[in-house]
Amino acid sequence: MKINLLFPTPVFETCDDADFCNRKLLQDACLEISRRKEVINRTKNSFHRVNTSHLVSDSLHLNDEFLPLVSFIQKCSKSFLVSLGFPSWTLEITQMWTNVGEKGNFVYPHTHRGEAFMAGVFYVKCDERDGITFHNSQERMPPEVLNTLNYSTFYYDGMEGRLLLFRAETSHSTFPQEGDSRIVISFNLRLKEPV
Ligand SMILES: [Fe+2]
């Protein structure tokens with residue numbers, strides 16, 4: 001007999017070690033956005049217990065300060081797309097926003113389903129205790145003994161400069177923030193057919 005493992009959940013991971021995206025510049029830009037009136041009013045949401053510019057100021061990819069990051073994302077997402085089996089297709093960023101968290105803030109498990117094919121997050125500033133958890137979408141009874149056949153969550157530590165890309169339907173969440181400051185940039189990408 002044998003037990004087969006079916007259906008992978010791919011997550012692309014890399015780090016901007018050279019800091020060519022300029023995290024200090026991104027940090028200042030994100031903090032400025034987080035202080036906007038529409039962003040402050042936006043925070044009263046049942047899924048985001050964090051200051052987020054999602055839906056109210058989410059075209060950051062069009063701002064000059066974000067262009068090096070946009071180029072980095074375009075290069076990485078294209079590489080991921082080829083690995084996923086779409087060598088002739090392209091991706092386009094449709095939304096980019098920032099979450100600026102304080103101690104105790106968190107985000108409930110959610111997906112980016114809808115128009116998006118791929119989603120991602122870039123860590124501008126964070127404590128290593130403030131990472132992200134990915135969830136298996138299948139409802140399962142918690143096992144008595146955890147092993148490689150039954151685990152249903154995967155946790156990444158917080159790491160400044162880290163970029164993660166994943167399919168838009170991949171569920172993810174954050175634990176209540178431990179560190180004083182956590183600034184991330186999230187985004188969605190749409191799949192474009194070859195012409
Ligand atoms: Fe998300």
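Here is a chat between two people about this predicted model.

Colleague: Let's start broad: how many helices and strands does the protein chain have?
Modeller: Reading along the sequence, you meet β-α-α-β-β-α-β-β-β-β-β-β-β-β. Tallied up, that protein chain has three helices and eleven strands.

Colleague: What radius of gyration does the protein chain have, and what would a compact globule have?
Modeller: The C-alpha trace spans about 60 × 45 × 30 Å along its principal axes. For 195 residues, a compact globule would come out near 16 Å, and the protein chain agrees with that, at 17 Å.

Colleague: What share of the contacts with a separation of 6 or more comes from residues 24 or more positions apart?
Modeller: One pair that sits far apart in sequence is Phe12 and Arg167, 155 residues apart along the chain, with C-alpha atoms separated by 9.6 Å. Over the protein chain, among contacts with a separation of 6 or more, the share from residues 24 or more positions apart is 86%.

Colleague: On to the sheet: which strands stand at its edges?
Modeller: The open sheet has six strands in the order E1-E9-E6-E11-E4-E3, with antiparallel pairing. Two of these strands have a single partner each, so one side of each is left without a neighbour in the sheet. Those edge strands are E1 (11–15) and E3 (51–52).

Colleague: How many bridges join E4 and E11?
Modeller: Take Gln95 as a way in: its bridge partner in E11 is Asn188. The two strands pair in the antiparallel sense, and the count of bridges is eleven.

Colleague: And E6, which residue in E11 is the bridge partner of Val121?
Modeller: E6 pairs with E11 over seven bridges, in the antiparallel sense. E6 also runs antiparallel to E9 (residues 162–167), joined by five bridges, and there Gly120 has Leu165 as its bridge partner. For Val121, the partner in E11 is Ser186.

Colleague: Why is E11 described as largely enclosed by the rest of the structure?
Modeller: E11 covers residues 182–192, and it pairs with E4 as well as E6. The reason it counts as largely enclosed is its tally of buried residues: eight of the eleven.

Colleague: Which strands does H3 lie across, and at what angle to E9 does it run?
Modeller: H3 has 17 residues and reaches 24 Å from first C-alpha to last, close to the 24 Å expected. It lies across E1, E4, E6, E9 and E11, and its angle to E9 is about 45°.

Colleague: Within what arc do the buried residues of H3 fall?
Modeller: The buried ones are Leu69, Ile73, Ser77, Phe80 and Leu81. Seen down the helix axis they line one face, because they fall within an arc of 95°.

Colleague: Then which exposed residues does the face of H3 turned away from its buried side carry?
Modeller: On the buried side, the cover includes E1, H1 (23–34), E4, E6, E9 and E11. The face turned away carries Leu67, Ser71, Lys75 and Val82.

Colleague: Last one: is Phe12 buried or partly exposed?
Modeller: Phe12 has its place in strand E1. Leaving out residues up to four places away in sequence, it touches Cys76, Phe80, Leu164 and Leu165. Buried would take 20 or more C-beta neighbours within 10 Å. Phe12 has 18, so it counts as partly exposed.

Technical notes. Residues numbered from 1 in each chain as written. Predicted model: local features only at pLDDT ≥ 70, side-chain atom pairs only at ≥ 80, totals over all residues. Pairing = 2+ DSSP bridges. Helix = DSSP H or I, 4+ residues; strand = E, 2+ residues; numbered from the N terminus. Contact = placed C-beta atoms within 7 Å. Axes fitted to C-alpha atoms, helices over the stretch in contact; angles between N-to-C directions. Rg over C-alpha atoms; globule rule 2.2 N^0.38 Å. Expected span 1.5 Å × (residues − 1). Buried ≥ 20, exposed ≤ 12 C-beta atoms within 10 Å, placed from the backbone. Arc of directions from axis to C-beta.
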